[in-house]
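Visitor: Take me through the loops of this one, slowly, starting with the one that leads into the second helix. I'd like to hear what sits around it and how the charged and aromatic side chains are arranged.

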Amino acid sequence: MFVLEITYTASADRVEAALPEHLVWVDDHFANGTFLASGPKNPRDGGVILALGDDRARIEEMVESDPFIVAGVGEYTITEFLATRTAPALAEHRQERP
């Protein structure tokens, strides 16, 4: 599993201009089952996405297609982790330690 944290690197008006395309991108990844949760940070200097996956290279490639990255208004920090404990609603995504 991955925590994808985007930090805005451009003015709020440039971020807002790219937001509609970014939200379509996010919706596409919810639809294909990759994203579990997403939303803006508080304060609103970026956002966070909880993503499923076991291939970091694939996640890195996917992030590069985010319209925020394409427009040059943000940068990602990608943190991979093992979800060894979850809420009952996320039990199907629980992972075993190697």
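**Around the loops**

Guide: Start at Asp 54, which lies in the loop between S3 and H2 (helices are DSSP runs of H or I with at least four residues, strands are E runs of at least two, both numbered from the N terminus). Keep in mind that this is a predicted model: local features need pLDDT of at least 70 and side-chain atom pairs 80 or more, while totals for chains, interfaces and linings use all residues. Residues are numbered from 1 along each chain as its sequence is written, and side-chain values use heavy atoms, with hydrogens and water left out.

Is Asp 54 buried or exposed? At 75% relative accessibility, Asp 54 counts as exposed (over 50% is exposed, under 20% buried and anything in between partly exposed, with a 1.4 Å probe and protein chains only). Leu 82 is 28 residues from Asp 54 along the chain, yet their C-alpha atoms are separated by 9.8 Å.

Asp 54 also has company of its own charge: Asp 54, Asp 55, Glu 61 and Glu 80 gather in a patch of negative charge on the surface. (Patch members have over 30% relative accessible area and no salt bridge, with like charges joined within 9 Å and nonpolar side chains within 5 Å; Asp and Glu count as negative.) Glu 61 takes us from the loop into helix H2, residues 56–64. Like Asp 54, which is exposed, Glu 61 is exposed, at 61% relative accessible area.

Stay in H2 a moment, and look at Glu 60. Glu 60 forms a salt bridge with Arg 56, with 2.9 Å between the closest N and O atoms (a salt bridge puts a side-chain nitrogen of Lys or Arg within 4 Å of a carboxyl oxygen of Asp or Glu). Glu 60 and Arg 56 are 4 residues apart in helix H2, so about one helical turn separates them. Both are partly exposed: Glu 60 has 35% relative accessibility, and Arg 56 has a relative accessible area of 32%.

How many salt bridges does the structure hold? There are 4. Another one takes us over to the loop between S2 and S3. Arg 44 pairs with Glu 16, the closest N and O atoms being 2.8 Å apart. Because Arg 44 lies in the loop between strand S2 (35–40) and strand S3 (46–51) and Glu 16 in helix H1 (residues 12–31), the pair ties together parts that are 28 residues apart in sequence. Arg 44 is partly exposed at 45% relative accessible area, and Glu 16 is partly exposed at 39%.

Now for Asp 45, whose side chain meets that of Lys 41 in a salt bridge, at 3.5 Å from N to O. Asp 45 is partly exposed, at 37%, whereas Lys 41 has 18% relative accessibility and counts as buried. Glu 5 joins in too: Glu 5, Lys 41 and Asp 45 are linked in a network of salt bridges.

The loop between S2 and S3 is also home to Pro 43, and here's a backbone detail to check on screen. A cis peptide bond joins Asn 42 and Pro 43, with omega at about 10°. Most peptide bonds are trans.

Follow the chain into S3 and you meet Ile 49 in that strand. Ile 49 is buried, at 5% relative accessibility. Ile 49 and Ile 6 are 43 residues apart in sequence, but 8.4 Å apart in space, C-alpha to C-alpha.

On to the aromatics. The whole structure has 3 aromatic pairs (ring centres of Phe, Tyr or Trp, its six-membered ring, within 6.5 Å; planes under 30 degrees apart are stacked, over 60 edge-to-face, the rest tilted). One of the pairs is Trp 25 with Phe 35, edge-to-face, at 5.6 Å centre to centre and 65° between the planes. That pair links distant parts of the chain, with Trp 25 in helix H1 and Phe 35 in strand S2, 10 residues apart. Trp 25 and Phe 35 are both buried. Phe 30 pairs with Phe 35 as well: their centres are 5.9 Å apart and their planes at 90°, so this pair is edge-to-face. Phe 35 has just 3% relative accessibility, while Phe 30 is partly exposed at 33%. Together, ring pairs link Trp 25, Phe 30 and Phe 35 into a cluster.

Key
Accessible areas come from the Shrake-Rupley method with a 1.4 Å probe; for residues, only the protein chains shown count as cover. The place of a charge is taken as NZ of Lys, CZ of Arg, CG of Asp or CD of Glu.
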